[in-house]
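Biologist: I should like to learn how unusual backbone geometry is read in a model. Could we work through it step by step?

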Amino acid sequence: MSREPVIRESGPAGSGRGGIDAVVVGSGPNGLAGALVLAAAGLEVRVYEAADTIGGGTRTEQLTLPGFWHDVCSAVHPMALASPFFRAFDLSRHSVRLLQPEIPYAHPLDGGRAGLAWRDLDRTAQGLGVDGPAWRSLLGPLVERWRPLVDTAMSDFRSLPRHPGTALRMALRVLEQGSALWGVRFRGDVAPALLTGVGAHAIAPPRAMAPAGVGLVLATLAHTVGWPVPQGGSHTITRAMAAELTRLGGQIITGERIDTLAQLPPARAVLLDVAPAGLLRIAGDLLPDPYRRQLRAFRPGGAACKVDFALAGPVPWAAADCARAGTLHLVGSRDEALAAEQVVAAGRHARRPYVLAVQPGVVDAGRAPADRHVLWTYAHVPNGSPRDVSEQVIAQVERFAPGFRDLILAKHVVTAAQAQRHNPNYVGGDISGGATTLWQLMMRPAPRWDPYRTPLPGVYLCSSSTPPGQAVHGMSGVHAAGRALRHRFGVHTDPLDLVASAVSGHGANAA
C-alpha cells in the first residue's frame, strides 16, 4: 500500500471537541465502510476505536514466534472481491494483493481421500465421480448468476429482490439443503461432505436453511471469484480502507473506548459498529424499553476457540492435493459434521469438533520465515466456553495429516471466553454477530422495518448484527450510512456510486 492511514492518538474523553458531521464507533470493515460512504459524500467524519490498532476482525500479528504472521480473526476473503462495496472500492487500486490458492477449499476424509473445490466448476464435478452431475446442477445456475446472487445476499433484506429469478433459484436450493431433502441429490459421501463443510461456517447445525444459504453462497464464490488470502495478512484490507478515509479528510482515533454517547462530540449522525450488547451499554437508558427488550432477546451464536500454529514445515496431508488448498474443513463425513454441530448447539463440546483451517503459505510465503509455515485454525465450541481445545484441534489435523504434531514449533490459543475481551463484538466468542438462524438473519438485531436506524435520532447500528450479517463485506456499514445520508443530510445518491466516484479520483461532494 502506497500510503499509511493517518491515525491520531486520543486525548481525554470528551475534552475540547467541537461538532462534526458524523461519528463512527468501531474500525472494523463495516465501520470503515460506513465512514468511507459518509466521507465520499463530502462530510467530516471521525472514527473512534477502542483498541490500539484498527481493524476489528481483520488484524494480523506475530502471535507465536517472531517472523510468523497470523491473522487474528478473519483470514480468507471471497467477499473482498464479490461484495458490492469492495467491487466499488476496488482493493487493487489500493495496492492490496489478493492471492488465489489453486484449490479454494478442500474437505479431507479418512483413508487419504478428500473432496476438492477447484475454481473451475467442471473440474470440481469431474473429481466427484458419481456425484459430479449433481454438484454441477446444484451450483451451476448460481455460478452463472453469481453477481445477482451476491447482490441479493448482501442486501438489507427489506427490499424486493432486484433479480427475482436468481433469488428463486437460490431459495429452492436452500429449501433442499436446509431440510430432510439434503441427501436426495447425492449418492456418494464426498460431495455431501464437501458441501456440508462450507455450510458449517455458520457455526450452527448445517441441516437448516440459514446455514444452507451460507454454504451455497460460499461454494458459489469458490467457483467464481475464489477464496483469496491477502498478501501480508488481513490487516492490509482495513489499512487500505483507513488510508482512503484519511485521504478524503476523515480522522481515526485509536485507543479510546466509547462507553456512553455523551463521550462523543456533537454530530448529526452516529454509526455504531457494535453488537446489540454494545448498543445497550453505550446508549443505556436513552433507548425506549420495547427496543431494549428486543436487543436483549437477540441471541448470540455458537463460538470459536482460535488456535494458531508456527510450523517447521508444511502440513503433511494424507491426501496430497490438500497441500494446494487455502482452506480446509476438518470434521470427516456429513453425518459427523452434523453431529458435531448439534453437540455444540446443545451447549456441549464435541469430542471431534469441526475445525476450520487455513494455510496461507500456499500462496503467501512471507507469512513465515524461509521453509517455515503458519496454520490458522479454529474449532467450534459452545458460546462462552473457557476451554482450551487445542489438543482436539491437533488431533483433528493429525487425523488427516499424520506427523503434524511433530512440526509444531509454537501455538497461540484464544478461547471463546477470551475472544470477547479481545473484541467486545464477539459476545461469548460468537464471531458471526448472532445466532445463524433464518429469523435472526432476516430480522437482526430486532424485527423492525429499518434494522439500522435506532429509536435515537441520528444513531444507527452498522455491525454484523445487522443485515446482511457475518463476513468481511462492508455492506452493513454501507446500508447504515445510506440511511444516515438520506435521513440526516438529504443525500439520495447511491452510497456505492459515491464510493466508486471518490476512489476513481473524481470526488462526490454530494452533501
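Modeller: The turns that follow concern the backbone of this predicted model.

Biologist: What is the general expectation for phi and for peptide bonds?

Modeller: Most peptide bonds are trans, and most residues other than glycine have a negative phi. Exceptions to either pattern may be listed and then placed in the structure.

Biologist: Which residues does a cis peptide bond join, beginning with the one whose omega is about -5°?

Modeller: That cis bond links R444 to P445. P445 belongs to the loop that runs between α16 (438-442) and β17 (459-461). Another cis peptide bond, with omega of about 5°, connects P467 and P468. P468 sits in the loop between β17 and α17 (475-489).

Biologist: Let us turn to phi. Where is I203 found, and what is its phi?

Modeller: I203 is not a glycine, yet its phi is positive, at about 55°. The loop between α8 (190-199) and α9 (209-222) contains I203.

Biologist: Is I203 buried or exposed?

Modeller: Buried means under 20% relative accessible area. I203 has a relative accessible area of 7%, so it is buried.

Biologist: What is the phi of D371, and is D371 buried or exposed?

Modeller: D371, likewise a residue other than glycine, has a positive phi near 65°. Its place is the loop between β14 (355-358) and β15 (373-381). Exposed means over 50%. The relative accessibility of D371 is 65%, and therefore D371 counts as exposed.

Biologist: How may the two positive-phi cases be set side by side?

Modeller: I203 is buried, whereas D371 is exposed.

Definitions and conventions. Residues are numbered from 1 along each chain as its sequence is written. This is a predicted model: local features need pLDDT of at least 70, side-chain atom pairs count only at pLDDT 80 or more; totals for chains, interfaces and linings use all residues. Side-chain values use heavy atoms; hydrogens and water are left out. Helices (H or I, at least four residues) and strands (E, at least two) are DSSP runs, numbered from the N terminus. Buried means under 20% relative accessible area, exposed over 50%, partly exposed in between (1.4 Å probe, protein chains only).
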